[in-house]
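Here are my notes on the model you sent over. I've kept them as numbered points so you can follow along with the structure open.

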Amino acid sequence: MDVKLSGGAIGRAVGIVTLAVSSVVLGLAGAACSKGDSAGAAASASAKSPVEAIEVPTFTISTAQADIDRGKELFAGKGCGACHKIGGGKLVGPDLKGVTARREQVWIERMILRPEVMTKEDPTAKDLFKTYMTQMTNQGIDPKDQLPALLAFLKSNEQ
Ligand code: HEC
């Protein structure tokens, strides 16, 4: 640079450069910071609770007789009937009559698929465990194939 600057001009020029540099640094710091924040928000949004982490399929409960019948067979075949009655009071576990009316569908699905997680992590299931003092066992129900049929059967006993 072949420009002659007086001392004061150099001082000002340096001052301007310093300002420019520091604002770039600040800008970067700001960017890094907001990037960090959004990554943090994304992480907490995807950090599911153990209950939420129990994946359940989304489906509308069938009212078709064939599905209800299949659910009834599964209820007996998968051992649910050893611990639950449907109407007539409690057995090892609660009477499941009307369970589809008193609980959310997703909650019931999680309970059937992962009862051992639910009784430790879900407040309602914890209370049931306190009352019944037996851990419902995981019956290895297939979420896509068997679960919808079981729900159809439970729903058919709502009234
Ligand atoms: C070993 C006994 C046992 C077996 C087998 C069993 N359960 Fe359970 N179930 C329980 C108990 C006990 C509870 C209450 C929660 C707890 O203490 O684990 C319960 C809770 C439930 C609930 C919640 C009831 C409510 O009032 O909210 C549903 C729904 C349920 N069971 C469905 C099933 C289905 C469907 C099967 C078969 C795939 C099954 N259970 C097999 C013992 C059993």
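1. Start with Arg-110, and bear in mind throughout that this is a predicted model. Leaving out residues up to four places away in sequence, Arg-110 touches Val-51, Ile-54, Val-56 and Met-118. Arg-110 is found in helix H5. If you click on Ala-53 as well, you'll see a long-range pairing: 57 residues separate Arg-110 from Ala-53 in sequence, yet their C-alpha atoms are 9.6 Å apart in space.

2. Is Arg-110 buried or exposed? Arg-110 has 22 other C-beta atoms within 10 Å, and the cut-off for buried is 20 or more, so Arg-110 counts as buried. Arg-110 has company in H5, where the buried residues are Ile-108, Glu-109, Arg-110, Met-111, Ile-112 and Leu-113. So a glutamate is on that list too, namely Glu-109. The buried residues of H5 pack against helix H4 (99-102), H6, H7 and H8.

3. Now for Glu-121, which is found in helix H6. Glu-121 touches Ser-49, Pro-50 and Val-51, again not counting residues up to four places away in sequence. Val-51 turns up among the contacts of Arg-110 as well. Glu-121 and Val-51 are 70 residues apart along the chain, with their C-alpha atoms separated by 6.4 Å. Glu-121 is partly exposed, with 17 other C-beta atoms within 10 Å.

4. A step back to the whole chain. The secondary structure comes to eight helices and zero strands, and the pattern along the sequence reads α-α-α-α-α-α-α-α. Of the 159 residues, 18% count as buried. Take contacts between residues at least 6 apart in sequence: 67% of them join residues at least 24 apart.

5. H8 deserves a look of its own. How many of the 11 residues of H8 are buried? Nine are, so H8 is largely enclosed by the rest of the structure. The buried ones are Leu-147, Pro-148, Ala-149, Leu-150, Leu-151, Ala-152, Phe-153, Leu-154 and Lys-155. They pack against H2, H4 and H5.

6. Look next at how H2 and H8 meet. The axes of helix H2 (residues 65-77) and helix H8 (residues 146-156) come within 7 Å and cross at roughly 100°. That makes H2 roughly perpendicular to H8. On the H2 side, the residues involved are Asp-67, Ile-68, Arg-70, Gly-71, Lys-72, Leu-74 and Phe-75. On the H8 side they are Gln-146, Pro-148, Ala-149, Leu-150, Ala-152, Phe-153 and Ser-156. By class, this contact has eight nonpolar, three polar and three charged residues. Phe-153 is a good residue to centre your view on: not counting residues up to four places away in sequence, Phe-153 touches Ile-68, Gly-71, Lys-72 and Phe-75.

7. On to the largest nonpolar core, which has 16 residues. Which of them touch the most other members? Those are Ile-112, Leu-150, Leu-151 and Phe-153. The elements that give two or more residues to this core are H2, H5 and H8. H8 supplies the largest share, with seven residues.

8. The ligand site is worth its own pass. There are 28 residues around the ligand, and the closest are Cys-80, Cys-83, Gly-93, Pro-94 and Met-136. Helix H3 (80-83), helix H5 (105-113), helix H6 (115-121) and helix H7 (123-132) are the elements that give two or more residues to this shell. H7 gives the most, with four residues. Sorted by class, the shell divides into 18 nonpolar, eight polar and two charged residues.

9. One backbone oddity to finish. Most residues other than glycine have a negative phi. Met-133, though, has a positive phi of about 50° although it is not a glycine. Where does Met-133 lie? Met-133 is in the loop between H7 and H8. Met-133 is also exposed, with 8 other C-beta atoms within 10 Å.

How values were computed. Residues are numbered from 1 along each chain as its sequence is written. This is a predicted model: local features need pLDDT of at least 70, side-chain atom pairs count only at pLDDT 80 or more; totals for chains, interfaces and linings use all residues. Axes are lines fitted to C-alpha atoms, for helices over the stretch in contact, and angles run from 0 to 180 degrees between N-to-C directions. Angles under 35 degrees count as roughly parallel, over 145 as roughly antiparallel, 65 to 115 as roughly perpendicular and the rest as oblique. Two residues are in contact if their C-beta atoms, placed from the backbone, lie within 7 Å. Ala, Val, Leu, Ile, Met, Phe, Trp, Tyr, Cys and Pro count as nonpolar, Asp, Glu, Lys and Arg as charged, and the others, Gly among them, as polar. A residue is near a molecule or strand if its C-beta atom, placed from the backbone, lies within 6 Å of it. A residue is buried if 20 or more other C-beta atoms lie within 10 Å of its own, exposed if 12 or fewer, and partly exposed in between; C-beta atoms are placed from the backbone. A nonpolar core is a set of buried Ala, Val, Leu, Ile, Met, Phe, Trp, Tyr and Cys residues joined through C-beta atoms within 7 Å.
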